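Here is a short briefing to read alongside the model. Take a moment with the sequence and the coordinates, then follow the points below by topic.

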Amino acid sequence: MEQLHVDCRAMPRTALMLSLRLVKLSLSLAVAIGVAGCASPLPAPAQGEVAVPAAPGRWLGSGSCAAMGCHNANGFQGEPRSEYNTWVSHDPHARSYEVLFNDRSRTITANLDPKKPAHENAVCLNCHVHRDYAKEQANHHARFAKQDGVGCESCHGPARDWVGDHYKSGWSAKTAEQKLKLGMQDTRSLAGRVRSCTPCHVGAQGMDVNHDLIRGPSASGI
Ligand code: HEC
Ligand code: HEC
Ligand code: HEC
C-alpha cells in the first residue's frame with residue numbers, strides 16, 4: 001500500500017494521472033488475486049501488509065467489487081458483470097478525484113481556501129468521493145482508496161454489511177428497505193436513483209455548490 005503515499009503535489013500532472021491509475025489497478029489486482037470466486041471479497045492481508053482492523057470500516061472501496069468472477073468480467077461496456085471495467089474505462093465518476101488536481105480545481109482553491117488543496121478539502125471530497133466523506137473517515141476500510149473517486153459504493157451504498165450476501169440465493173427476495181438497512185442503496189426504482197444521485201448533482205445539507213465555490217468566500221462574510 002506504499003504507493004498510496006505519493007506526494008501528488010510534487011509530481012507533474014501526467015505522471016500523477018498515471019500513478020493514480022496504477023494505484024487503482026494495483027488495488028483491484030491485489031483484491032482480485034486474493035479472491036476465490038466471490039465468496040470472500042476481502043482476502044486476509046499478506047504477511048508484512050498492514051493488518052485489516054478487527055471491525056473493518058463499512059466503506060470497502062471499489063477494488064472489493066473488482067474480481068473477474070464478480071463485476072470485472074472485462075466484457076462490453078455496460079454488460080452485466082462488467083460493471084467494474086465499464087466504470088474504470090467509460091465513467092467520468094472514476095476520474096472525479098483526479099479532477100481535483102486540474103487547473104479549474106486550482107482556481108477554485110486559490111479563491112476559496114488557498115491553504116487547503118482540493119484533494120484534502122472535505123467540501124470537495126464529500127461530492128468527489130462519496131457523501132459524508134469527511135464524517136465517515138473512521139469508517140473507511142484499510143483498502144478504501146479515495147483515489148477511486150466516485151466509486152461503486154458512492155452510488156450503491158457502503159458494502160461491508162451486504163457484500164458477503166448479495167450474490168447468494170435468497171438475497172433477491174429481500175425488499176429494497178431490507179437491503180437499505182444493510183447499507184445497499186436502491187438503484188432499481190426511480191425514487192432510489194434520485195436519492196443516490198441528487199445529493200451530489202443537486203445538493204443536500206452540507207453539500208452545496210454555492211457562490212463560495214464559484215467565486216471564493218465574500219470578503220464581507222455575506
Ligand atoms: C455538491 C457537490 C459538489 C461539491 C461540494 C463540489 N463538486 Fe465539483 N463537481 C460536482 C459535480 C456533480 C460535477 C460534474 C458537473 C457536470 O459535469 O455537470 C463537478 C465537477 C467539477 C469539476 C469539473 C470536472 C472536469 O471534468 O473538469 C471540477 C474541476 C470540480 N468539480 C472541482 C471541485 C472542487 C475543487 C471542489 C471543492 C472546492 C468541488 N468541485 C466541490 C459536485 C461537487
Ligand atoms: C454514479 C453512480 C454509480 C456508480 C459509480 C456505480 N453504479 Fe452500478 N448502478 C447505478 C445505477 C443507477 C444502476 C441502475 C441502472 C442500471 O441498471 O443501469 C446501477 C446498476 C448496477 C448493477 C445492476 C443492479 C441490479 O439491480 O440488477 C450492478 C451489478 C452494478 N450497478 C454494479 C456496480 C459496480 C460493481 C460499480 C463499481 C465498479 C458500480 N455499479 C458503480 C449507479 C452507479
Ligand atoms: C458522490 C457524489 C456523486 C454521486 C452519488 C453521483 N455523481 Fe455523477 N458526478 C459526480 C462528480 C464529482 C462528477 C464529475 C466527474 C468528472 O468530471 O470528473 C460527476 C459526473 C457525472 C456525469 C458526467 C457529466 C459530464 O459533464 O460529463 C453524469 C452524467 C453523472 N455524473 C450522472 C450521475 C448519476 C445518474 C448518478 C446517480 C446514479 C450520479 N451521477 C451520482 C458526483 C456524483
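A residue counts as near a molecule when its C-beta atom, placed from the backbone, lies within 6 Å of that molecule. By that criterion, 16 residues surround ligand 2. Please keep in mind that this is a predicted model; its mean pLDDT is 79, with 71% of the residues at 70 or more.

**Around ligand 2**
- The closest residues to ligand 2 are His 71, Glu 83, Cys 152, Cys 155 and Thr 187.
- Helix 2 (83–90) and helix 5 each contribute at least two residues to this shell, and helix 5 has the largest share with four residues.
- Sorted by class, the shell around ligand 2 holds six nonpolar, seven polar and three charged residues.

**Around ligand 1**
- Ligand 1 has 21 residues around it, and those that come nearest are Arg 104, Ser 105, Ala 118, Cys 124 and Cys 127.
- Two or more residues of this shell come from each of helix 3 (103–112), helix 4 (122–128) and helix 7 (190–201).
- Helix 4 gives the most to the shell around ligand 1, namely five residues.
- Nonpolar residues number 12 in the shell around ligand 1, alongside seven polar and two charged ones.

**Around ligand 3**
- The shell around ligand 3 consists of 17 residues, of which Pro 92, Ser 96, Val 99, Cys 197 and Cys 200 are the closest.
- Helix 4, helix 5 (152–156) and helix 7 are the elements that give two or more residues to this shell.
- With five residues, helix 7 gives the most to the shell around ligand 3.
- Seven nonpolar, seven polar and three charged residues make up the shell around ligand 3.

**The nonpolar core**
- The largest nonpolar core has 12 residues, among them Tyr 97, Ile 108, Ala 118, Cys 124, Cys 127, Tyr 133 and Cys 200.
- Helix 4 supplies the largest share of this core, four residues.
- Ala 118, Cys 124 and Cys 127 belong to this core and are also among the residues nearest to ligand 1.
- Cys 200 is another core member, and it is one of the closest residues to ligand 3.

**Where to read with care**
- Residues 1–20 have pLDDT below 50, and this stretch has 19 contacts in the model beyond near neighbours in sequence.
- Over residues 25–54 the pLDDT also stays under 50, and the model has 39 contacts beyond four places in sequence for them.
- Where pLDDT is low, the predicted coordinates should not be read in detail.

Terms used. Residues are numbered from 1 along each chain as its sequence is written. Chains are lettered from A and ligands numbered from 1 in the order in which they are written. This is a predicted model: local features need pLDDT of at least 70, side-chain atom pairs count only at pLDDT 80 or more; totals for chains, interfaces and linings use all residues. Ala, Val, Leu, Ile, Met, Phe, Trp, Tyr, Cys and Pro count as nonpolar, Asp, Glu, Lys and Arg as charged, and the others, Gly among them, as polar. A nonpolar core is a set of buried Ala, Val, Leu, Ile, Met, Phe, Trp, Tyr and Cys residues joined through C-beta atoms within 7 Å. A residue is buried if 20 or more other C-beta atoms lie within 10 Å of its own, exposed if 12 or fewer, and partly exposed in between; C-beta atoms are placed from the backbone. pLDDT is the predictor's confidence in each residue, from 0 to 100. Two residues are in contact if their C-beta atoms, placed from the backbone, lie within 7 Å.
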